[in-house]
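This report describes the internal spaces and the metal site of one protein model. Please consult the sequence and structure shown below while reading.

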Amino acid sequence: MPHDFSHISAARLTALVAAAPKAELHLHIEGTLEPELAFEIGRRNGVALPFPDPAAMRRAYAFTDLQSFLDIYYAAAAVLLHEQDFFDLAWAYLVKAAADNVARAEIFFDPQTHTARGVPFETVVRGLARAVERARAELGVSAALIMCFLRHLSEREAFETLERSEPYREHFIGVGLDSGERGNPPEKFTGVFAKCRALGLHAVAHAGEEGPPASITGALDALGAERIDHGVRCLEDPAVVARLVRDRIPLTVCPFSNVKLRVFDRLADHNLPRLLAAGLRASLHSDDPAYFGGSVNDNYRGSLAALPLTAADAYTLLRNSLESSFLEPSEVIRHVTRLDEVFAAG
Ligand code: ADE
Ligand code: ZN
């Protein structure tokens, strides 16, 4: 389609972006656990949270870095014990995603956060997979799961997790790497990612969030990552930018997350406009919406308000999200056609 969007007003653009089909490619299901649901599930399971009530829990969300967030995030996940809990968590997210016109959600889950507490792998996957299936049937949202390895744990433990996942392979499309980046370079997981790729699984990895550009190169070379989650620190190394541009590697950027975890001081300081100007294949996502202040549409709304982004930039971000998904090409074309229709009506 012709990409002259210069006539679209700022208010109209926000409405168009909200209505447009989009893919959520960087979303941790454990990070969608709102305090109210955490207390409800905690109450029915007899698991106490380290806060008196949901409001106090929310007030504790003043993070200084990634680790200060992860400490609370892992503590809250302790309420999740039964298959129904995982279903309720994922269903609550998928209903909200549908309202944001998320056409495709590729959802991270952290099995080790749960198996370490004695929750069986199958309990986690069965609950999540049931919500994914119901979202397809009832919400028209195409969702899929990506199993993440926790990088602060060992590669041996990642291999054990992969082994446990074997009977449930049909329920996830790929593997990812998350948790604390500092001191846990991608190279630590070279062997397990090689095995996953040999099994035909997609590979993605968090890199260049708190870690240096070399972490991005490591994720590509050592892990065979097809997408880089965050990747915002790439701009510190022109050679890494050149490679990401040349190979059209998607960066799943999460502006609210980056501000909450102090990668950038303010949304107005985010390097998203520079990522786009460099020709990088960036798209916008919510990471852990229950903790970082909003959904994927909120991230678009906030970024458009705080940053010098044009309507053409918004279109590019939306289109990149769809084209960076692991959907079948025919499905991508269907959603991009719909995106074009939404913008053409603008
Ligand atoms: N787990 C959940 N959110 C994360 C993030 N932003 N970085 C690394 N691990 C995470
Ligand atoms: Zn993340």
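How do the residues of the lining of the largest cavity divide into nonpolar, polar and charged? The three classes are represented by four nonpolar, four polar and four charged residues. The model discussed here is predicted.

**Cavities and pockets in outline**

Two cavities of 30 Å³ or more are present in the structure. The table sets out the volumes of the cavities and pockets under discussion, together with the element that gives the most residues to each lining.

| Space | Volume | Largest contribution to the lining |
|---|---|---|
| Largest pocket | about 190 Å³ | Helix 17, three residues |
| Second largest pocket | about 160 Å³ | Helix 5, four residues |
| Largest cavity | about 90 Å³ | Helix 4, four residues |
| Second largest cavity | about 40 Å³ | Helix 15, four residues |

**The zinc site and the largest cavity**

The zinc ion (ligand 2) is held by the NE2 atoms of His26, His28 and His206 and by an OD atom of Asp287, at 2.1 to 2.2 Å. Along the sequence these donor residues follow the spacing H-x1-H-x177-H-x80-D. The angles among the four donor atoms run from 84 to 176°, and the site is classed as irregular. Four donors count as tetrahedral if all angles lie between 85 and 135 degrees, so the range of 84 to 176° at the zinc ion (ligand 2) does not meet that criterion. For reference, the ideal angle for four tetrahedral donors is 109.5 degrees.

Two of the donor histidines can be described by their accessibility. Histidine 26 has a relative accessible area of 0% and is therefore buried, the limit being under 20%. Histidine 28, at 5% relative accessibility, also counts as buried.

The lining of the largest cavity includes His28, His206 and Asp287, and these residues are also among the zinc donors. The other lining residues are Leu66, Phe69, Leu70, Tyr73, Asp178, Ser179, Glu209, His230 and Asp288. Helix 4, spanning residues 66-76, supplies the largest share of this lining.

**The second largest cavity**

Thr14, Val17, Ala18, Asn297, Tyr300, Arg301 and Leu304 surround the second largest cavity. Helix 1 (10-19) and helix 15 each provide at least two of the lining residues. By class, the lining comprises four nonpolar residues, two polar residues and one charged residue.

**The two pockets**

The largest pocket is bordered by Ala19, Pro21, Ala98, Asn101, Val102, Ala103, Leu139, Gly140, Val141, Arg334, His335 and Arg338. Strand 2 (102-109) and helix 17 (329-344) each contribute at least two residues to this lining. Its composition is seven nonpolar, three polar and two charged residues.

The second largest pocket has a lining of 15 residues, and those nearest its centre are Tyr93, Lys96, Pro289, Gly294 and Ser295. Helix 5 (83-99) and helix 15 (296-306) each supply at least two residues here. Six nonpolar, four polar and five charged residues make up the lining of the second largest pocket. Helix 15 thus appears in the lining of the second largest pocket as well as in that of the second largest cavity.

Note on methods. Residues numbered from 1 in each chain as written. Chains lettered and ligands numbered in written order. Predicted model: local features only at pLDDT ≥ 70, side-chain atom pairs only at ≥ 80, totals over all residues. Heavy atoms only, no water. 1 Å grid on protein atoms, 1.4 Å probe; cavity = no way out; pocket = protein on both sides within 12 Å on 5 of 7 lines; lining within 4 Å. Points joined across faces, edges and corners; volume = space filled by probe spheres on them. Nonpolar A, V, L, I, M, F, W, Y, C, P; charged D, E, K, R; others polar. Donors = N, O, S within 2.8 Å, 3.2 Å for Na, K, Ca; no water. Tetrahedral: all angles 85-135°; square planar, octahedral: opposite > 155°, others 65-115°. Buried < 20%, exposed > 50% of the residue type's maximum accessible area, 1.4 Å probe, protein only.
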